[in-house]
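Me: I am new to this structure. Please take a close look at a single part of it with me.

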Number of protein chains: 2
Amino acid sequence: MAINIPDPIRKQCEEKGGLEGIIAKLPEARSLKARAKLFQALGDPMRLKILFALDEQPLCACLIREVLGISDSKLSYHLTVLKQAKLIAGKKQGQWIIYGLTELGNQVVRMIGKF
Amino acid sequence: MAINIPDPIRKQCEEKGGLEGIIAKLPEARSLKARAKLFQALGDPMRLKILFALDEQPLCACLIREVLGISDSKLSYHLTVLKQAKLIAGKKQGQWIIYGLTELGNQVVRMIGKF
DNA sequence: TCACCATTTCAACTTTATTTGAAACAAAGT
DNA sequence: ACTTTGTTTCAAATAAAGTTGAAATGGTGA
């Protein structure tokens, strides 16, 4: 451990097995990366709005577009991000694709509500 | 409401007062933006790691740097992002600045643990 | 087959985030 | 005053995310 650090911090740190001890308790890189990706998908107002809209009811892309008032291709981009994060899923129904929250999406929307 | 949409979706939508009804239930732009900003701060593995480390115990910047193995200025950048999101706060103690989770930071770390 | 509709893809572009290394600061000890 | 130490700031560079409008896809029904 570095020599020059505040005493109370050093003590507390040594009780945990030093820096090594702390490092050992942290999640692995893989896990951190996966979670960061999830949160990154949530890090955009438009995408949050899509999630809230789908929490009301499943919607086809064209209705989501109406709700958000954005272009088709812009919407498609954001839907892709949400799909990749497994927060939403679409299934074909006639000529439309109906999007809805996944189980993860549901959990996440409930979580977001607390912040 | 758009004329051409799948029937079950239209029905469900009309029960809610049409698109207007759905739009009315969505959070305001201000609120969406604020939350997006919070999640954006969480959208980076290094920053998540910092939060987990501080969840173990408060640490001075130099120890966080040791834990992460990154440069001073890089660390400082990420600390700034976390500070701005009010997830962490630092207070001077002697020659060091000791960082710790805020109350929000605490709640958030507990939340992250579920995903 | 043809035209149409909902949606996606693409490449070019703009914007925002992150990294870098050097310099600046501010407090503490000499 | 001078140096050291811990931390932040800055401007320049790089990388990643988001936007645009046009074109492509793929299914539907005339």
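What follows is about the protein surface near the DNA strands. Which residues come nearest to DNA strand D? Which element gives the largest share of the surface near DNA strand C?

Reply: First, some ground rules. Residues are numbered from 1 along each chain as its sequence is written, while chains are lettered from A and ligands numbered from 1 in the order in which they are written. This is a predicted model, where local features need pLDDT of at least 70, side-chain atom pairs count only at pLDDT 80 or more, and totals for chains, interfaces and linings use all residues; side-chain values use heavy atoms, with hydrogens and water left out.

Start with DNA strand D. It has 22 residues around it. A residue counts as near if one of its heavy atoms lies within 4 Å of the molecule or strand. A:Tyr77, A:His78, B:Cys62, B:Asp72 and B:Tyr99 come nearest. On the DNA side, sugar and phosphate make up 71% of the strand D atoms that come within 4 Å of the protein.

Now the polar contacts. A polar contact is a pair of N or O atoms within 3.5 Å; within protein, one must be able to donate a hydrogen and the other to accept it, and residues adjacent in sequence count only if both atoms are side-chain atoms. The side chain of A:His78 has an N or O atom 2.6 Å from a phosphate oxygen of DNA strand D. Chain B reaches this strand as well. B:Ser76 places a polar side-chain atom 3.3 Å from a phosphate oxygen of DNA strand D. For the side chain of B:Lys83, the distance from an N or O atom to a phosphate oxygen of that strand is 3.4 Å.

Which elements supply this surface? Helices (H or I, at least four residues) and strands (E, at least two) are DSSP runs, numbered from the N terminus. At least two residues each come from α6 (72-84) of chain A and from α5 (61-68), α6 (72-84) and β3 (96-101) of chain B. The largest share belongs to α6(B), with five residues. By class, the surface near DNA strand D has eight nonpolar, eight polar and six charged residues. Here Ala, Val, Leu, Ile, Met, Phe, Trp, Tyr, Cys and Pro count as nonpolar, Asp, Glu, Lys and Arg as charged, and the others, Gly among them, as polar.

Turn to DNA strand C. This strand has 21 residues around it, and A:Cys62, A:Ser73, A:Tyr99, B:Tyr77 and B:His78 come nearest. Sugar and phosphate account for 72% of its atoms within 4 Å of the protein. A:Cys62 uses its backbone here: an N or O atom of it lies 2.5 Å from a phosphate oxygen of DNA strand C. Side chains join in too. An N or O atom in the side chain of A:Ser76 is 3.2 Å from a phosphate oxygen of this strand. For the side chain of A:Lys83, that distance is 3.4 Å. Two or more residues each come from α5 (61-68), α6 and β3 (96-101) of chain A, and from α6 of chain B. The largest share is that of α6(A), five residues. The classes here are eight nonpolar, eight polar and five charged.

How are the two chains related? Two copies of a chain are related by a rotation about an axis and a shift along it. Here a rotation of 180 degrees, with 0.0 Å of shift along its axis, superposes chain B on chain A (RMSD 0.0 Å). The fit is by least squares on the C-alpha atoms of residues with pLDDT of at least 70 in both copies. The two copies are therefore related as by a two-fold rotation axis. Both use the same surface: 100% of the contact residues of chain B recur in chain A. Contact means heavy atoms within 4.5 Å.

Last, the sheet that holds β3. Two strands pair if DSSP finds at least two bridges between them. In chain A, three strands form an open antiparallel sheet, ordered β1-β3-β2. Its edge strands, β1 (59-60) and β2, each pair on one side only. Six bridges join β2 (residues 88-93) of chain A to β3(A). A:Ile88 stands opposite A:Leu101 of β3(A), and A:Lys92 has A:Ile97 as its bridge partner. The hairpin of β2(A) and β3(A) has two residues between the strands, and A:Gly94 takes a positive phi near 60 degrees there. Chain B also has an open sheet of three strands in the order β1-β3-β2, with antiparallel pairing. There, two bridges link β1(B) and β3(B), and B:Cys60 faces B:Ile98 of β3(B).
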